[in-house]
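This report considers a metal site, two groups of paired strands and two pockets, in that order. The sequence and the structure are shown below.

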Amino acid sequence: MSIPFSHDATPDLSHAFAHIDTQRQQFLDRLIDYLRRPSISAYGEGIEAVADYIAEVMRKIGLTVQILPTAGWPMVFGEYATRPDLPTVLLYGHYDVQPPDPLEEWISPPFEPTIRDGRLYARGVGDNKGQHFAQLLALETLLACYSTLPCNVKVLLEGEEEVGSPHMPAFIAEHHQELQADLVIISDGPVHESGQSTICFGVRGVLDLELRARGANRDLHSGNWGGIVPNPLWTLVHLLASMKNERGEITIDGFYEHVQPLNELERQALASLPLNIEEVKRSLALQRLDEPQERGYFERLSAWPTLTINGIHGGYGGPGSKTVLPHEAVAKCDIRLVEAQTVEDILAKVKAHIQRHAPEVSVISHGGMDPSKTPLDSAYTEPLHQAIRAAQGTEPLLVPAMGGSLPEYVFTKTLGIPTFGVPYANADEANHAPNENLEIERFFMGIKTGAAMLAYLGAMQNK
Ligand SMILES: [Zn+2]
């Protein structure tokens with residue numbers, strides 16, 4: 001049966017959902033076939049073959065597909081145009097996977113997909129092949145049931161996400177015309193620990209820094225030279241102490257200048273996220289959370305920047321004692337940025353601070369990415385919310401921004417498109433770890449959710 005898609009405010013998805021239920025086995029078999037093919041961007045294994053493979057899958061579904069080169073691994077880009085008056089959705093995912101090491105910790109081999117206890121085990125099953133494959137099968141389902149899609153769809157699959165998307169900013173700038181869309185949906189990462197679905201509106205940014213202090217041209221005897229020669233470790237310790245106080249406040253001039261306070265909607269969303277602080281403390285064997293104490297748990301993760309010392313190194317740390325006056329000290333730090341801070345501005349402020357407090361310390365930036373945030377009251381929030389309810393029977397949690405960092409700013413800032421994270425994977429998917437897995441029901445739920453999101457977005461016309 002094939003009927004034109006109805007652009008009613010409440011789409012009837014029963015036909016599409018029934019189709020997905022009857023196709024379960026072949027959908028799963030096809031995912032398994034995809035997962036058998038390694039595509040490890042870290043050292044290039046299988047990347048080009050898998051780009052060709054998934055491009056062919058997308059062509060067979062009915063998309064117009066191009067494999068677009070970058071200075072690294074290629075992007076796979078597909079399009080299906082329905083009607084110009086309907087919304088255009090850009091679905092982003094990545095076809096590369098993490099290296100599978102350590103191999104000996106896998107119960108079944110990483111590229112021999114295996115089902116155990118309702119879960120499919122394979123490298124990349126959650127991150128991200130199972131999730132974008134679900135999106136593609138949603139398109140296939142809608143086309144099979146209605147011979148058209150409820151809105152215009154673009155699909156962008158990256159081949160370098162697992163190595164930090166080094167060519168994404170240049171690619172997005174170069175192809176901004178083809179990538180124009182009304183919204184971006186990213187299905188990656190896990191749902192909430194409680195098992196509830198989430199709609200994620202943003203991510204924190206990150207800036208990686210290395211601070212290097214030098215003293216004499218070689219290590220020296222602390223008795224013969226202590227009090228004469230400056231100690232680069234003390235230089236770094238004083239410098240770091242000048243950057244953050246005991247109250248937990250970052251004391252770099254102007255650091256908080258562009259931090260946007262949470263609005264009422266964001267406060268409400270954060271307040272409704274499930275949380276058991278005592279359990280968190282117990283599981284981490286903590287007596288207290290970090291300063292400032294009065295700050296809310298999720299507010300810390302989504303609305304406040306951090307300065308983390310990742311490591312501080314120099315001198316002697318071996319057994320017994322060694323009365324050395326070291327000649328060099330290094331601190332590695334990261335700064336998590338929140339809307340509307342930028343990497344460029346914060347790096348300049350850090351450099352100005354160091355120039356004032358310890359001009360002999362050199363600052364090396366190891367790159368970063370800007371934060372990203374889409375407003376919770378976006379016109380697309382409601383249809384996505386309704387679609388998740390229709391496909392899954394439960395309400396999604398709304399997460400204003402995740403604590404971690406992804407290059408979502410290329411969509412929200414470079415392209416100016418609201419961007420929504422709608423993950424499908426279980427919270428214990430073990431992405432980047434041995435025994436990566438995806439609950440099979442979540443894969444099918446992902447296909448239904450993908451179909452429902454497009455249907456509800458297409459139905460916005462009549463609202
Ligand atoms: Zn990953």
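The model described here is predicted. Within it, strand β1 (residues 64-68) and strand β2 form a hairpin that leaves 6 residues between them.

**The zinc site**

The protein donors of the zinc ion are Asp127 through OD, Glu162 through two OE entries and His432 through NE2, and they lie 1.9 to 2.4 Å from the ion. The angles among the 4 donor atoms run from 56 to 134°, and the site is classed as irregular; because four donors count as tetrahedral when all angles lie between 85 and 135 degrees, the low end of this range rules that class out. Along the sequence the donor residues follow the spacing D-x34-E-x269-H. The site thereby links distant parts of the chain, since Asp127 belongs to helix α4 (residues 125-146) while His432 sits in the loop between β18 (419-421) and β19 (437-439), 305 residues apart.

How buried or exposed are Asp127 and His432? Asp127 has a relative accessibility of 4% and therefore counts as buried, the cut-off for that class being under 20%. His432, with a relative accessible area of 43%, is partly exposed.

**Strands around β2**

Strand β2 (residues 75-80) is mostly covered, with 5 of its 6 residues buried. Its pairing with β1 is antiparallel and extends over 5 bridges, and in this pairing Met75 of β2 is the bridge partner of Leu68. Strand β2 is also joined by 5 bridges to strand β6 (residues 152-158), again in the antiparallel sense, where Val76 has Leu157 of β6 as its bridge partner.

**Strands around β10**

Which strands pair with β10? Strand β10 is joined to strand β14 (residues 328-337) by 10 bridges, the two running antiparallel, and Leu209 stands opposite Cys333 of β14. A further 6 bridges join β10 to strand β15 (residues 362-369), also antiparallel, with Glu210 opposite Ile364 of β15. Because 7 of the 10 residues of β10 (residues 205-214) are buried, this strand is largely enclosed by the rest of the structure.

**Pockets**

The largest pocket has a volume of about 1100 Å³. It is lined by 41 residues, of which Pro190, Val191, His192, Met402 and Gly403 are the closest to its centre. The elements that contribute two or more residues to this lining are β8 (198-200), α9 (277-284) and α10 (297-303), and the largest share, 4 residues, comes from α10.

The second largest pocket holds about 440 Å³ of space. Among its 21 lining residues, those closest to the centre are Asp290, Glu291, Arg300, Leu301 and Thr306. Here α9, α10 and β12 (306-314) each supply at least two residues of the lining. Helices α9 and α10 thus contribute to the linings of the largest pocket and of the second largest pocket.

The table sets out the two pockets with their volumes and the classes of their lining residues.

| Pocket | Volume | Nonpolar | Polar | Charged |
|---|---|---|---|---|
| Largest pocket | about 1100 Å³ | 20 residues | 14 residues | 7 residues |
| Second largest pocket | about 440 Å³ | 12 residues | 3 residues | 6 residues |

Technical notes. Residues numbered from 1 in each chain as written. Predicted model: local features only at pLDDT ≥ 70, side-chain atom pairs only at ≥ 80, totals over all residues. Heavy atoms only, no water. Buried < 20%, exposed > 50% of the residue type's maximum accessible area, 1.4 Å probe, protein only. Pairing = 2+ DSSP bridges. 1 Å grid on protein atoms, 1.4 Å probe; cavity = no way out; pocket = protein on both sides within 12 Å on 5 of 7 lines; lining within 4 Å. Points joined across faces, edges and corners; volume = space filled by probe spheres on them. Nonpolar A, V, L, I, M, F, W, Y, C, P; charged D, E, K, R; others polar. Donors = N, O, S within 2.8 Å, 3.2 Å for Na, K, Ca; no water. Tetrahedral: all angles 85-135°; square planar, octahedral: opposite > 155°, others 65-115°.
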